[in-house]
Amino acid sequence: NPVTIGENCLVGANAVCGVPLGDGSIIDAGIAILEGTKVTVPKAEYEKIAAINEGVEIKGAFNSAGDFIAKGLDLGGLKGVHFRQNSQTGQICAFRSKREIKLNAALH
């Protein structure tokens with residue numbers, strides 16, 4: 001699958017992106033989001049991501065704790081996803097991105 005980076009995205013330092021990123025998405029520094037990476041999405045955040053990506057089927061399933069579990073490829077191309085790593089458990093999580101990334105006009 002080709003890897004594309006949407007508008008207003010941010011890929012942090014030393015991050016690895018192996019899936020397409022939809023507009024307004026972020027991958028935090030130092031983490032890898034590959035096709036098979038297991039990503040946990042809290043239920044409330046899943047609903048926010050689904051709302052901004054209306055009409056798009058998101059593959060994955062809810063676990064017994066109520067969190068949505070998906071592969072990186074299943075979340076690839078969705079708009080407004082912020083990928084983070086839990087510093088205590090090492091778990092890769094996704095949240096609805098609340099930031100708007102813009103280039104510094106003075107530098108670009």
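Here is a short chat about cysteines and charged side chains in this predicted model.

Me: How many disulfides does a search of the whole structure find?
Reply: It finds 0 disulfides.

Me: Why is Cys9 not in a disulfide with the closest cysteine?
Reply: Two cysteine sulfurs have to be within 2.5 Å to count. The closest cysteine sulfur to that of Cys9 belongs to Cys17, and it is 8.4 Å away, so that's too far for a bond.

Me: And what about Cys93, how far off is the nearest cysteine sulfur?
Reply: For Cys93 the nearest one is again in Cys17, 17 Å away. Set that against the 2.5 Å cut-off, and you can see that Cys93 is in no disulfide.

Me: What makes Cys9 count as buried or exposed?
Reply: Buried means under 20% relative accessible area. Cys9 comes in at 16%, so it's buried. Cys93 has 9%, so it counts as buried too.

Me: Why is the contact of Lys48 with Glu45 called a salt bridge?
Reply: The rule asks for a Lys or Arg side-chain nitrogen within 4 Å of a carboxyl oxygen of Asp or Glu. In Lys48 and Glu45 the closest N and O atoms are 3.3 Å apart, which fits. The count by this rule is 1 salt bridge.

Me: Where do Lys48 and Glu45 sit along the helix?
Reply: Both are in helix H1 (residues 43–52), 3 residues apart, so about one helical turn separates them.

Me: How do you know whether Lys48 and Glu45 are buried or exposed?
Reply: Lys48 has 39%, which lies between the 20% and 50% cut-offs, so it's partly exposed. Glu45 has 9%, under 20%, so it's buried.

Note on methods
Residues are numbered from 1 along each chain as its sequence is written. This is a predicted model: local features need pLDDT of at least 70, side-chain atom pairs count only at pLDDT 80 or more; totals for chains, interfaces and linings use all residues. Side-chain values use heavy atoms; hydrogens and water are left out. Buried means under 20% relative accessible area, exposed over 50%, partly exposed in between (1.4 Å probe, protein chains only). Helices (H or I, at least four residues) and strands (E, at least two) are DSSP runs, numbered from the N terminus.
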